[in-house]
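These are my notebook entries on one protein model. I record what I looked up, one topic at a time.

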Amino acid sequence: MVLHRNLGPFDTTAIGLGEMPLTIENNLGHDKGIETIHAALDAGCRHVDTAWAYYCSGGEEQTGEKLVREALASWKGPREEVTVATKVGHFRNFTDGKPTWDVDGRPESLISRAKESALALGVDTIDLLYFHRPDPKVPYNESVEAIKQLVDEGVAQEAGVSNASVEQIDIARGILGDKLIAVQNQYSPIYLDTADTLAYTAKLGLSFVCWSPLGGFRKPKDESRFDPFREVAAAHGVSYQQVVLAWELAKGDHVFVIPGAHRPATILDSLKAGDLELSEEDLATLG
């Protein structure tokens, strides 16, 4: 059984499926995306994370949310057990002929996009809605007030913030109160800059959701940072990716990971990380 933890009011899996690779550039196509989501769900995953902005730059918008809806609708398992999170505030465009990301944190935009997300997901109420990324052109509190309005109106049940600093978490708490249940920040062996927010969310009783927990795939990374994880993996007879995820989950019971996957085999391997018990010696090696 895949490790379960409480994400606010949701009893869901600590290891979720990060949907982004299935619908942005270099994805393996629609059918492989459906197959991958179904494989994750069949293996016990009950936490799927997507976003309004998960689509190929210049292509049809919201393909990620639409893929999740289609996959859940065609899955034979218990849909009511699956927690689906999405995010608003990002969008795709081209810059100098290259696919890029941009932000739009205007309240009216967030409200409109969130309602589009609910439609794309085929739900009356989104389980968990994140403000995707701060917009330097818009005061942070104004963006979060829009998320609060969406919760108040029933467009979303619970709220989260993503790519947020300690200061921004405090602003969000002041506005959202108990409806703020999660902070989704990048965190991995090659990206430790958010360790302060990981510790702070533990203190506040908020969930911390690691995006790109395996380091991501869109940019080159320092592979040497994973050498200790490969060493521990060899001793346990598992993939180093499982060790990375288990190490992150060991940071606290409030921690969740949402590794991405291009194909079923990848997420099926990741889902086993909750069964991997790291010793004190292992953790000391990993740092």
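**Entry 1. Helix α8 and its cover**

I began with what lies over the buried residues of helix α8 in this predicted model. The cover includes β1 (4–7), α7 (227–236), β12 (255–257), α9 (264–270) and α10 (280–286). I then looked up the burial of the helix itself, which runs over residues 240–249. Of its 10 residues, 9 are buried, so helix α8 is largely enclosed by the rest of the structure. I listed the buried ones as Y240, Q242, V243, V244, L245, A246, W247, E248 and L249.

**Entry 2. F229, in one of the covering helices**

I chose F229, which is found in helix α7. Is F229 buried or exposed? Its relative accessibility is 2%, and F229 therefore counts as buried, the cut-off being under 20%. Leaving aside neighbours within four places in sequence, I found F229 in contact with P189, Y240, V243, V244, W247 and L286. Y240, V243, V244 and W247 are among the buried residues of α8. I also noted L283, which is 54 residues from F229 along the chain. The C-alpha atoms of F229 and L283 are separated by 9.7 Å.

**Entry 3. G287, after the helix α10**

I located G287 in the segment after α10. G287 is exposed, with a relative accessible area of 62%. Which residues does G287 touch, not counting those up to four places away in sequence? I found W247 and K251. W247 is one of the buried residues of α8. I also looked up A195, which is 92 residues from G287 in sequence. From C-alpha to C-alpha, G287 and A195 are 13 Å apart in space.

**Entry 4. Q184 and S207, in two strands**

I placed Q184 in strand β10, which covers residues 180–186. Q184 is buried, with a relative accessible area of 1%. With which side chain does Q184 make a polar contact of 2.9 Å? The partner is the side chain of D49. Besides D49, the contacts of Q184 beyond four places in sequence include K87, Y130, V161, S162, N163, V209, W211 and I258.

I next turned to S207, which is found in strand β11. At 5% relative accessibility, S207 counts as buried. Again leaving aside neighbours within four places, I recorded its contacts as N6, L7, G8, I181, A182, V183, T201, H254 and F256. I181, A182 and V183 fall within the residue range of β10, and N6 and L7 within that of β1.

**Entry 5. Two residues with positive phi**

Most residues other than glycine have a negative phi. I looked up two residues that have a positive one. N26 has a phi of about 70° although it is not a glycine. I found N26 in the loop between β3 (17–18) and α1 (30–42). N26 counts as exposed, at 67% relative accessibility.

The second is S212, with a phi near 50°, again a positive value in a residue other than glycine. S212 sits in the loop between β11 (207–211) and α7.

**Entry 6. E153, in a loop**

Where does E153 lie? I found E153 in the loop between α4 (140–152) and β9 (156–162). E153 is partly exposed, with a relative accessible area of 42%. I then looked up T125, which is 28 residues from E153 along the chain. The C-alpha atoms of E153 and T125 are separated by 9.4 Å.

**Entry 7. The protein as a whole**

I closed with the totals. The protein has 10 helices and 12 strands. Its radius of gyration is 18 Å, close to the 19 Å that the globule rule gives for 287 residues, so the protein is as compact as a globular protein of that length. Along the principal axes, I noted that the C-alpha trace spans about 55 × 45 × 40 Å.

What percentage of the 287 residues count as buried? The value is 54%. I also considered contacts between residues at least 6 apart in sequence, of which 74% join residues at least 24 apart. The protein exposes about 12,300 Å², and carbon and sulfur atoms supply 49% of that area.

Lastly, I looked up the charges. There are 27 positive and 43 negative side chains. The centres of these two sets lie 3 Å apart.

Key. Residues are numbered from 1 along each chain as its sequence is written. This is a predicted model: local features need pLDDT of at least 70, side-chain atom pairs count only at pLDDT 80 or more; totals for chains, interfaces and linings use all residues. Side-chain values use heavy atoms; hydrogens and water are left out. Helices (H or I, at least four residues) and strands (E, at least two) are DSSP runs, numbered from the N terminus. The radius of gyration is taken over C-alpha atoms; the globule rule is 2.2 Å times the number of residues to the power 0.38. Buried means under 20% relative accessible area, exposed over 50%, partly exposed in between (1.4 Å probe, protein chains only). Contact means heavy atoms within 4.5 Å. Accessible areas come from the Shrake-Rupley method with a 1.4 Å probe; for residues, only the protein chains shown count as cover. Lys and Arg count as positive and Asp and Glu as negative; His and the chain ends are not counted. The place of a charge is taken as NZ of Lys, CZ of Arg, CG of Asp or CD of Glu. A polar contact is a pair of N or O atoms within 3.5 Å; within protein, one must be able to donate a hydrogen and the other to accept it, and residues adjacent in sequence count only if both atoms are side-chain atoms.
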